[in-house]
Amino acid sequence: IQADGTDGNCVTFVLHDEDHTLGNSLRYMVMKNPDVEFCGYCITHPSESKINFRIQTRGALPAVEPFRKGLNDLMGVCQHVLSTFERSVKEFRAQK
């Protein structure tokens with residue numbers, strides 16, 4: 001991850017080896033934060049596997065904070081989905 005920006009409130013993070021799967025999910029999680037004024041991403045080029053992920057916050061909140069929170073929240077959601085799936089598979093196999 002690289003971070004480019006002139007001030008801490010508006011930063012573009014460059015995420016290597018990522019695509020729309022992470023970009024759209026992370027954008028959704030970050031936009032749930034009321035201190036985020038803008039959040040968006042773009043794929044630089046179809047032949048490159050990286051995205052530019054931009055966050056702009058209101059006030060004095062550094063953009064890295066909602067980025068970090070969004071990643072942590074997304075990991076929590078993925079862990080919940082995984083554990084629910086594994087539990088359902090275990091219950092299904094127990095019924096056989």
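Asp17 is exposed in this predicted model, with a relative accessible area of 63%. Its place is in the loop that runs between strand S2 and helix H1. The backbone does something a bit out of the ordinary here: phi of Asp17 is near 60°, a positive value in a residue other than glycine. For background, most residues other than glycine have a negative phi.

From that loop, the picture can move to the inside of the protein. The largest nonpolar core has 14 residues, and those with the most contacts inside it are Leu26, Val30, Phe53, Ile55 and Phe67. Several elements pitch in: strand S2 (10–16), helix H1 (20–31), strand S3 (36–43), strand S4 (50–57) and helix H2 (64–95) each give at least two residues to this core. As a general point, nonpolar side chains in soluble globular proteins tend to be buried together.

Phe53 is a good residue for looking around the core. At 0% relative accessibility, Phe53 counts as buried. Setting aside neighbours within four places in sequence, Phe53 is in contact with a long list of residues, including Val11, Thr12, Phe13, Leu15, Gly23, Leu26, Arg27 and Val30. Cys39, Gly40, Tyr41 and Phe67 are also among the contacts of Phe53.

The aromatic rings deserve a look of their own. A pair of aromatic rings is described by the distance of the centres and the angle of the planes. The count comes to two aromatic pairs in this model. In one of them, Phe13 and Phe67 are stacked, with 4.0 Å from centre to centre and 5° between the planes. This pair links distant parts of the chain, with Phe13 in strand S2 and Phe67 in helix H2, 54 residues apart. Phe13 and Phe67 are both buried. Phe53 and Phe67 also form an aromatic pair, this one tilted, with 6.0 Å between the centres and 50° between the planes. Here too distant parts of the chain are linked: Phe53 sits in strand S4 and Phe67 in helix H2, 14 residues apart. For Phe67, the relative accessible area is 5%. Put together, Phe13, Phe53 and Phe67 form one aromatic cluster.

Next door to Phe53 in the sequence comes Asn52, which has its place in strand S4. Asn52 is partly exposed, with a relative accessible area of 24%. Asn52 and Leu15 are 37 residues apart in sequence, yet their C-alpha atoms are 6.5 Å apart in space. Leaving out neighbours within four places in sequence, Asn52 is in contact with Thr12, Phe13, Val14, Gly40, Tyr41, Cys42 and Thr44.

Two threonines bring in some polar detail. Thr12 is found in strand S2 and is buried, with a relative accessible area of 14%. The side chain of Thr12 makes a polar contact with the side chain of Arg54, at 2.4 Å. The other threonine, Thr57, has its place in strand S4 and counts as buried at 5% relative accessibility. Its side chain reaches the backbone oxygen of Leu61 at 2.4 Å. Not counting residues up to four places away in sequence, Thr57 touches Asn9, Asp35, Val36, Glu37, Pro62, Ala63 and Pro66.

What about the cysteines? A disulfide is a covalent bond between the sulfur atoms of two cysteines. The structure holds zero disulfides. Why is Cys39 not bonded to Cys10? The sulfur of Cys39 is 11 Å from the closest cysteine sulfur, that of Cys10, and so too far for a bond; the cut-off for a disulfide is 2.5 Å between sulfur atoms. Cys78 is in no disulfide either, as the nearest cysteine sulfur, that of Cys39, is 16 Å away. The surroundings of these two residues can be set side by side: Cys39 is buried, with a relative accessible area of 8%, whereas Cys78 counts as partly exposed at 47% relative accessibility.

Finally, there is the database view. In an unreviewed entry, UniProt lists residues 10–83 as "domain: DNA-directed RNA polymerase RBP11-like dimerisation". In the model, the end C-alpha atoms of residues 10–83 lie 35 Å apart, and the span is 43% helix and 31% strand.

How values were computed. Residues are numbered from 1 along each chain as its sequence is written. This is a predicted model: local features need pLDDT of at least 70, side-chain atom pairs count only at pLDDT 80 or more; totals for chains, interfaces and linings use all residues. Side-chain values use heavy atoms; hydrogens and water are left out. Buried means under 20% relative accessible area, exposed over 50%, partly exposed in between (1.4 Å probe, protein chains only). A nonpolar core is a set of buried Ala, Val, Leu, Ile, Met, Phe, Trp, Tyr and Cys residues joined through side-chain atoms within 4.5 Å. Helices (H or I, at least four residues) and strands (E, at least two) are DSSP runs, numbered from the N terminus. Contact means heavy atoms within 4.5 Å. UniProt positions are given in the numbering used here, feature names are shortened, and annotations may be inferred rather than shown by experiment. A polar contact is a pair of N or O atoms within 3.5 Å; within protein, one must be able to donate a hydrogen and the other to accept it, and residues adjacent in sequence count only if both atoms are side-chain atoms. Rings of Phe, Tyr and Trp (its six-membered ring) pair if their centres lie within 6.5 Å; planes under 30 degrees apart count as stacked, over 60 as edge-to-face and the rest as tilted.
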